[in-house]
Amino acid sequence: MKHVFSDQASINAAFDDEKELLIVDEDLVIEESPVRRLKDMRNLFVDPTGFDDETALYYMYNGIYKPQHKAFFKDQKIRYEFTVLLDKPINGECIKAHGHIHGINPIRKARHVEAYEILYGKGYFELFTYVGKELHVVMIEVKQGDYLMIPPDYYHLSINTGDVPFIFGDLIIEGAGSEYGYLKEKMGAPLFAMRDESGHIDFKFNQHYSDSELFVSFVSADTVPWDVPLAKVPLYAHFISNPERFEILK
Ligand SMILES: [Fe+2]
């Protein structure tokens with residue numbers, strides 16, 4: 001089946017889930033398109049038994065632009081990206097991204113922020129940070145049409161809790177220096193999302209975080225506990241027309 005998200009993205013795009021292929025206009029530039037496979041994050045799943053190392057989990061499409069916007073993106077030093085998380089759980093655990101934290105922005109002396117838009121499907125963005133010895137987890141339930149900002153100092157990952165591909169776009173500075181080590185060390189994020197046969201989602205705590213006092217909040221994209229200075233306009237079109245609105249990314 002082809003999952004079309006052209007209107008939401010302001011770029012002609014669809015994902016064919018049988019061929020696991022992104023369909024875009026012939027002249028659209030996608031600088032790199034890596035695939036994350038189970039072998040890259042086997043230790044981050046509750047139980048990957050019985051799944052082949054080569055099982056694809058998600059597809060990334062980085063450095064996307066229309067040919068006429070090449071100079072603009074190179075000048076801005078910002079990348080536009082798509083991610084497609086597949087929807088077949090791994091022994092009941094929803095497919096998720098690896099998760100990371102960004103490097104430090106040398107000008108702001110804070111970690112880089114990232115802007116997201118949900119293009120298709122539904123899921124969660126799991127964010128967490130330490131406040132002293134307390135572990136604060138923010139579970140943001142998101143759906144098509146939501147916009148998100150990842151604040152500095154938050155580890156973050158996406159989780160597909162639906163039964164179709166979960167597709168989102170993002171804008172981030174080139175060379176954001178993402179760090180993956182802590183998630184590897186802890187064998188995943190603090191909460192795992194488990195889906196039963198009827199599609200009901202339960203969250204399971206990752207015992208590798210039991211040395212911290214845990215605070216979890218469940219919010220929507222509209223009730224996150226920080227400012228989201230993004231208009232509800234497709235990121236690509238908005239960035240092209242109003243780059244000054246995205247100064248926060250630099
Ligand atoms: Fe990120």
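Reader: What makes β12 and β18 paired strands in this model?

Author: In this predicted model, strand β12, residues 134-143, is joined to β18 by 8 bridges. Pairing requires at least two bridges between two strands, so the criterion is met. The two strands run parallel. One of the contacts links His-136 to its bridge partner Phe-215 in β18.

Reader: Why are β14 and β18 called edge strands?

Author: The open sheet consists of 4 strands in the order β14-β11-β12-β18, with mixed pairing. Strands β14 (155-160) and β18 (213-220) each pair on one side only, and therefore, with a pair needing at least two bridges, they are its edge strands. Neighbouring strands of this sheet are turned by 20° against each other on average, direction ignored.

Reader: How do you know that β15 is mostly covered?

Author: Buried means under 20% relative accessible area, and 8 of the 8 residues of β15 (166-173) are buried, so the strand is called mostly covered. Both faces contribute: Phe-166, Phe-168, Asp-170 and Ile-172 are buried on one side, and Ile-167, Gly-169, Leu-171 and Ile-173 on the other.

Reader: Which strands pair with β15, and how is the pairing established?

Author: Strand β7 (residues 78-85) pairs with β15 in the antiparallel sense over 8 bridges. Strand β10 (residues 114-120) also runs antiparallel to β15, joined by 5 bridges. The threshold is at least two bridges, so β7 and β10 both count as partners of β15. Phe-168 in β15 stands opposite Thr-83 and also opposite Ile-118.

How values were computed:
Residues numbered from 1 in each chain as written. Predicted model: local features only at pLDDT ≥ 70, side-chain atom pairs only at ≥ 80, totals over all residues. Heavy atoms only, no water. Axes fitted to C-alpha atoms, helices over the stretch in contact; angles between N-to-C directions. Buried < 20%, exposed > 50% of the residue type's maximum accessible area, 1.4 Å probe, protein only.
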